[in-house]
Each structure stands twice: as structure tokens, then as C-alpha cells.
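Student: I would like a close look at one part of this model. Please take me through it in one go.

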2 protein chains.
Amino acid sequence: MTASPPERTGRHNLDPHLDRYAARTEGMTASEIRALFAVASRPEVVSLAGGMPNLAALPLDSLSAQVGELIAEDGLTALQYGSAQGIPVLREQICDVMALEGISAHSDDVVVTVGSQMGLDMVTRLFCDPGDIVLAEGPSYVGALGSFAAYQAKVVHVVMDDEGLVPEALREALAAAKRAGQRVKFLYTIPNFHNPAGVTLAVERRAEIMEICREHGVLVVEDNPYGLLGFDGQTYPSLRSIDPENVVYLGSFSKTFASGLRVGWVLAPHAVREKLVLAAESATLCPPTLNQMIVSRYLATHDWKGQIKTFRENYRERRDAMISALEQYLPSGCSWTHPDGGFYVWVTVPEGVDTKAMLPRAVTARVAYASGTGFYADGFGSRQMRLSYCYPTPERIKEGVRRLAAVLESEMDLVRTFGTVSMKPISGPENPSPDTA
Amino acid sequence: MTASPPERTGRHNLDPHLDRYAARTEGMTASEIRALFAVASRPEVVSLAGGMPNLAALPLDSLSAQVGELIAEDGLTALQYGSAQGIPVLREQICDVMALEGISAHSDDVVVTVGSQMGLDMVTRLFCDPGDIVLAEGPSYVGALGSFAAYQAKVVHVVMDDEGLVPEALREALAAAKRAGQRVKFLYTIPNFHNPAGVTLAVERRAEIMEICREHGVLVVEDNPYGLLGFDGQTYPSLRSIDPENVVYLGSFSKTFASGLRVGWVLAPHAVREKLVLAAESATLCPPTLNQMIVSRYLATHDWKGQIKTFRENYRERRDAMISALEQYLPSGCSWTHPDGGFYVWVTVPEGVDTKAMLPRAVTARVAYASGTGFYADGFGSRQMRLSYCYPTPERIKEGVRRLAAVLESEMDLVRTFGTVSMKPISGPENPSPDTA
């Protein structure tokens, strides 16, 4: 074996392929959240970490009958290759779904993707050369940060407040990039019920943000998986509806129907759409035909709007359970956002507490969350955590927050005694760190 | 509107996003084959162009019942997110499938992908920096060329003969790359029932090729979608079985079960597999859970080996129909390969005939094929075409070849009269070119 350079961990790297990898693999690191899925499946742990939708509300019996029929009647199409852009009837139905948020689009400009994660990957592939800048809210969606890293784009975070992205901060970020001679490729934003921040971009900021981007020649990538999950049934004008030619819009059925089908879409300006189809073709040839037909039949025959209403009520009840548990249990000095929709609450803990270092102790106390640093490309977020209320029952949420509060209390005791808590997580065979598993 | 540089076509480009695209988009051009799918669907045209498997042999009724049951009994799992690597039970079954071709593997080293096209894309993402060399047979799979182009890898073709890749040519290509100071990242090869060439790598060449690659420190990417479709039931020792640590193996259920499910896999050396999972996660989060469970249940409960035997017999009958039609109808001066499995015959036409230029005339005569240039990254292949026998019935195949022969005859008449046939296809509103649509 030839000598290999040591890994960043300091351990000797035994991978004989080490000098063969592309440069972009250096940015590929295990997401802090991914490993948590394993933990979440242990029944004794209350997982407030994952973003799994609550599918229990789905009408499985009628779905089962419909999918069976679909294969019996139309199996030769459902099980065959299709076009890279996606089946036309579904693309038309997607336009109807988007119309609920003020979007007027032609199905020719819709590209069906394998979840909206693939949309993100394709958009980054189209636009980002290594070193290009992507602006994104701080914090931002961990899967988006993964795609940006895979294409060696550099993320610059833009500050949010309770009203979402701050226009003035966006202006400053653009000016700073200009001064530094950096090429900003797009603003990546989740305007509605943000993951992980749980806030929504104020309506009065939307036109301003679009104007700023237009002015600076910067494209907007609008990621909107949660837009129809507003707890009072409210929707917001999409950015795409404000400036159609300057927005690439990402949508998904993962939160409004079924995540395991992996059906999402991109709505793009026409010229971009052509390139998008080519990129998608080289990535997967075509999205699974069966899955597209299942979604299409579901939209055509189920009361899908009623189903979304059921989901909303379900998630509202869980949001309420979480917020009241936070109010009841969390020690003073903690603060959190108040989501009006979506899946997540973003919690800030007192200074001195490190949420990443605390995580193994929380898991030992049988509660899991997503620590904040995973949602930043720049190492920020050590005093933050994301709590999901989408999956556990209200009772479990309450119990989870109670456990989390106890861990936080003892952590804060340590801070008060020793000034700060060691960055090094306590771990061992009995206390596996879910973060590094 | 600001002035934009003219496109390579010479037309003015109206895309306002033109100066925003990543450099890699320059290599993204519409595959010559993609547009043919639209033509293939016109009932009056005999399509010998596509690579759609013949699913009519599938037991749709029992599949329908099984998938229905799956959703009723296990829908909360089937419709939910899963792991990026794929569900464990399917990965174990995949090891059983690969064992049929001499592969001994652990399910930990299998990554399920959205078709093996995604496997190709992921492998290229992991290994290829812009400008890196990929060696591939000439001709090679058009979808692979698309993935290589998307990552700006440069393809160098290596000559094949009736026994597959020529070891001496591989040696020469590696030596030439070394002299030129080029970095060869991997050899991409389809050893069995090659797409599009229809030939199989001789058993006695396999160890030699693996030895050459090992010697030159070059990884082998073995793409094997057709390996179980040998017409006499014969299988060949996979390259992976010869040198497990130096092969990334791509497999697929698209040809042995159902392409529309988009379930493929990568078997990689352990260290590579870790990075592969990270890359896959940033590309699609996870492959569709439902589709994996459908394949898994199918493998567990159907006589899948018997089904493959049915497919084989089906394709052998069509191969026979095509070969005898070629012998009966094609003008002298044409030659073709004799596949022992898979979907394709590779035809060489007499000098002076340009298969790409001829294609619109063939479509007017109600027969379609895939012209040869699409299977080369270097413009070669204008005297070649790929004929698929997988999808049409034997009668349609015979009729298609008869029509093709007539077009070829008149093309050769022109060549005899004028020396060569114009490169410019005759096209117009009545003769749409499927190649440039």
C-alpha cells in the first residue's frame, strides 16, 4: 500500500481510491441529521429530529385499491420508461396545485423530479461553477447545503428575523459580494414555514426582495414544500407569481401526499426548463412512471385538498403541543419561533450551551433533536436546535420536550459552575453519538 | 434586453439567463435518441430505435394484487422516506441476483439508485474533475456519455471487435494518455451484450483487461444491465468477480423486471460506497421506498428466474427475426453484429451513406433507428446505426428492416450517382427531423 495523506480527522486513511476522487468530494460530509434517522427509529427515544411527515392520516385502503387497479389496467405504461420531463397529465395537475398559491404556469415549463431534492441538485448543476456564491437564509435547509457543497458552490447566509429574510441584509450581502468580485448565482429561499427556522417571509417584503434580486441580476430559487400547510389555511403569494421570469420554483408532494414516492417538480422559465430536462435526463433518464401515475390518479380521484386540510389540522395540534410544552418546561433564557405552518420550531439556548455537544446526552435521556450547526455552511448555529413536531404524537412531543428541558437544565448548571461546557461530547460504547455514527 | 453572444447554431439566443449557466452546461446537448421516443410512439412507424423492454411478458395481475397488498399492509413504510442507501432487505436480495454472475458481495456495499443511470451519474460525480479522462468502448452507451459530459469528463474511445474491448487498444489508449499527461479516472465498460454494439467481451480477455487496469492504477466501472439476458442462459464471469477492489459495478432491474420503477444499484468497494451514499443523499435524499419494496416483494414471491427465462426466449425470438430480416433484405455492403443476448444489433452501412442524414428519410418511410454518432463522443459513427429488437413483435421487426433496406437502397443509389449523399437532411413541415426536434 502506498502512503496516503492523513484524513482531517487525524486518522490514517485506508481508502486505496483516495487519490482518485474528484475535488468536489471534499465538500461531501455526512449530514448531522442523517445519522439521526437511525436513532429516531429506536422506540424509546422521542425523536424531535427528523422531518418525516405523519402519513397515518392517509387513506391507505383506497390508495391500495387504486394503485392495484393502476397496475392491472395500465401496468405496461406504469412499469415502462417515460419521458425525462415527466408525464404530461401530472404536469398539468401540478399547475393546478401551484395555482393555489397564485402561480400561473404552463405545464411545458414543469419538470417532474425525484423529490424536490433532485430539483435542487439539478438547479445547482445548471447554474453553479465551483466557487460561485449562493445566497441562502441563515439557517437554511440542510439538503440544499448538501447540494451546494456537491457542486462546490460557496454559501453566504443572509440574516432572517421573525418575518423571514431581511431585505436590508440581502442588499448588504449582494453589495459585499460585488465588492469582493464574487459571482452570485442565485438566492435560495424557503419563503413559507421555513425549514428549519419555522418563520414565514412577510408579504410586504416579497416584492422588495424580488426587486433587489432583479436589480442585481440574481436569480431566485424558491423552495416551497410547505406552502399549503399553513395552519389557518392561509397561503402567501409565491415569489414566482411576482416575477415569473426570474424565479426557479421547487415543489413537492412529499409533505402534502407521500414522501416515499419521491415526486417533486421544478417550474422554470422556459429557456431554463430546456436545459433542466437535459440535466435530469443525464441524472436519472426519467422519474419513475408508476409514482407519477399514482400521484396523478390520487389528485384526480381523491379529495386531495381535504386531505391537506387533515394534515394541517394534525400538524397544528402538534405545533400547539410543542409550543405549550416549550412554554411549560424550557428553562428561562431559551427562545423559539412560532410557526404558523410546516414542521419545525427553531430554538435558541442560553450562551455557553452547545447543542451539538449536548446531543449525545439528550439521546441518553431519550430525546433527539437536530443541532443547529447542520443548517449553516459557516459553523454558526451551536446555540440553536431544530425541533420537529410533524411525526410524534402530541403526548410524545410533550414528553420529549420535558426530557429535553431536563438535559438543558443540567447543561446550564454546568455552564454556571464551569463557565462553559466542553465541546467534546461524552460518548462511548454505552453512549453512541448519533451525530458521528 | 442586453446583447447575447450567438449560439453555436448561429441563431440569436433569446435566453436571458445565458450568462448565468455553469460551464458544464455547454456539454449538455439533446441526445440524438431522446427525440426518437416521440417518433417511436407513432403507431405507423416501426421503431427500431428505443431500448424499451418488452413488458408484455410480465404477470400484471399478480403484481397488481401484490402492490395493492403492500400498500394496505405496509403503506406507512412504503410511502415514507427511507435511507439514502436503500432498504436492507432489497440490498441483500441484490447480492443474490449478482451471485448468478459470480459476484460475492456484502449488502453493506450495495447502494440502491434511481435506475442505474443515477449510479452512472453518482460514480462520475465522485471521480471526475473537469478534463479528466474516461475510457469507454467505441461505441458506448449514450446515457453514460451524457453523464460524463455533465461532469466535463473527456471520453476517449477504445476499439472493440466481435469479442468486445480489444486489450491491446486499451493498453495503447492508456499509454497515449500517460504520454499526454492526462489523468485517466476509469474505464467504463459494458462487458455483456453491449449497448449499442451487441457484442460480449470474450472470457479470455477479462482477466487481461482487469490486469491492465490494475497495472495502470485505473478503476473499472462495469455496467451490466443485460448480463442475465443471454439467449442460451449462459452468463459470464463479471469483472467485479475478478478484481473486487478495483471495480464499481452497476446493476439494474430495468431489463430483468420493470424499467418504470427506476430501481438500479451500485456495488462498490467499501471506502467508495461511503462517499457514494453521501453523493446519492445530496442527489435525491433516498430512492423511492415503494419501488424498492415492490422489487423486493417480487423477488421474494415470484419465480423471477423463470420470468427472466421468459424474457430471454422472447428476445431471442426477436433477435432471430431481426438477423434473418437483415440477411434477407439488407443490400450488400452492409454488415452487422450477432448478439447472443441483450437488445441491440449494430449495423455498418456502405461508405458514403450517412445514417444521421438518412434518418428523416427513414422516418418518412415509417421506420426509425438510432444513428451511430450518438454513441460516440468524438463524432465517429456516421456509417453506423443501432437497431433494437427488444420492443416490436417479430413481424414488425421484419417489416421495419424491409422498409429500412429500401431506404438504404435508394441512399446507395444516390451515392453511386453523385459520389456521396449530402450531409444535410431533407426536412420540412411534412418531413420533421426526429433528430433535431
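Student: How far apart are the centres of domain 1 of chain A and domain 2 of chain A, taken over C-alpha atoms? Please look closely at how these two domains meet, and then set that beside the contact with chain B.

Tutor: One caution at the start: this is a predicted model. The centres of domain 1 of chain A and domain 2 of chain A, taken over C-alpha atoms, are 25 Å apart. Domain 1 is made of two stretches, 24-57 and 307-417. Domain 2 is a single stretch, 76-301.

Now the contact between them. On the domain 1 side, 30 residues take part, and they touch 33 residues of domain 2 of chain A. Together the two domains of chain A bury about 2600 Å². Carbon and sulfur atoms give 65% of that area. Three residues stand out on the domain 1 side: A:R312, A:D340 and A:F375. They supply 21% of the area that domain 1 of chain A buries against domain 2 of chain A, more than any other three residues.

Next, the polar side of this contact. The rule finds one salt bridge across the interface of domain 1 and domain 2 of chain A. A separate count gives nine residue pairs in polar contact across that interface, both residues at pLDDT 80 or more. Which elements does domain 1 bring? Two elements give two or more residues each to the side of domain 1 that touches domain 2 of chain A: α12 (304-329) and β11 (344-348) of chain A. Helix α12(A) gives the most, with seven residues. By class, this side of domain 1 has 15 nonpolar, eight polar and seven charged residues.

As for salt bridges in chain A, A:D232 forms one with A:R316, and the closest N and O atoms are 3.8 Å apart. Another joins the side chains of A:K309 and A:E313, at 3.1 Å from N to O. Both A:K309 and A:E313 lie in helix α12 of chain A. They sit four residues apart, about one turn of the helix. Over all chains, the count comes to 36 salt bridges.

Now turn to chain B. Here 85 residues of chain A are in contact with 85 residues of chain B. The area buried between the two chains is about 6800 Å², and carbon and sulfur atoms give 61% of it. On the chain A side, A:R20, A:L79 and A:Y81 supply 12% of the area buried against chain B, more than any other three residues.

The count of salt bridges between chain A and chain B is two. In one salt bridge, the side chains of A:R125 and B:D121 meet at 2.6 Å, N to O. The rule also finds 47 residue pairs in polar contact across the interface of chain A and chain B, with both residues at pLDDT 80 or more. Several helices of chain A give two or more residues to the side that touches chain B, among them α2 (60-78), α4 (115-127) and α10 (270-284). The largest share, 12 residues, comes from α2(A). By class, the side of chain A that touches chain B has 46 nonpolar, 22 polar and 17 charged residues.

How are the two chains related? A rotation of 180° with 0.0 Å of shift along its axis superposes chain A on chain B, with an RMSD of 0.0 Å. That is the relation of a two-fold axis. Of the residues of chain A, A:G68 comes closest to the rotation axis, at 2.3 Å for its C-alpha. The same surface serves both copies: 100% of the contact residues of chain A recur in chain B.

Last, some backbone details. Most residues other than glycine have a negative phi, and most peptide bonds are trans. The peptide bond from A:G138 to A:P139 is cis, with omega near 0°. A:P139 lies in the loop between β3 (133-138) and α5 of chain A. In chain B, the bond from B:N195 to B:P196 is cis, with omega near 10°. B:P196 is in the loop between β6 (184-189) and α7 (203-215) of chain B. A:R262 is not a glycine, yet it has a positive phi of about 55°. A:R262 sits in the loop between α9 and β9 (264-267) of chain A.

Note on methods: Residues numbered from 1 in each chain as written. Chains lettered and ligands numbered in written order. Predicted model: local features only at pLDDT ≥ 70, side-chain atom pairs only at ≥ 80, totals over all residues. Heavy atoms only, no water. Contact = heavy atoms within 4.5 Å. Buried area = accessible area lost by both parts, 1.4 Å probe. Salt bridge = Lys/Arg side-chain N within 4 Å of Asp/Glu carboxyl O. Polar contact = N/O pair within 3.5 Å; in protein donor to acceptor, adjacent residues only side chain to side chain. Nonpolar A, V, L, I, M, F, W, Y, C, P; charged D, E, K, R; others polar. Domains from an automatic or database assignment. Least-squares fit on C-alpha atoms with pLDDT ≥ 70 in both.
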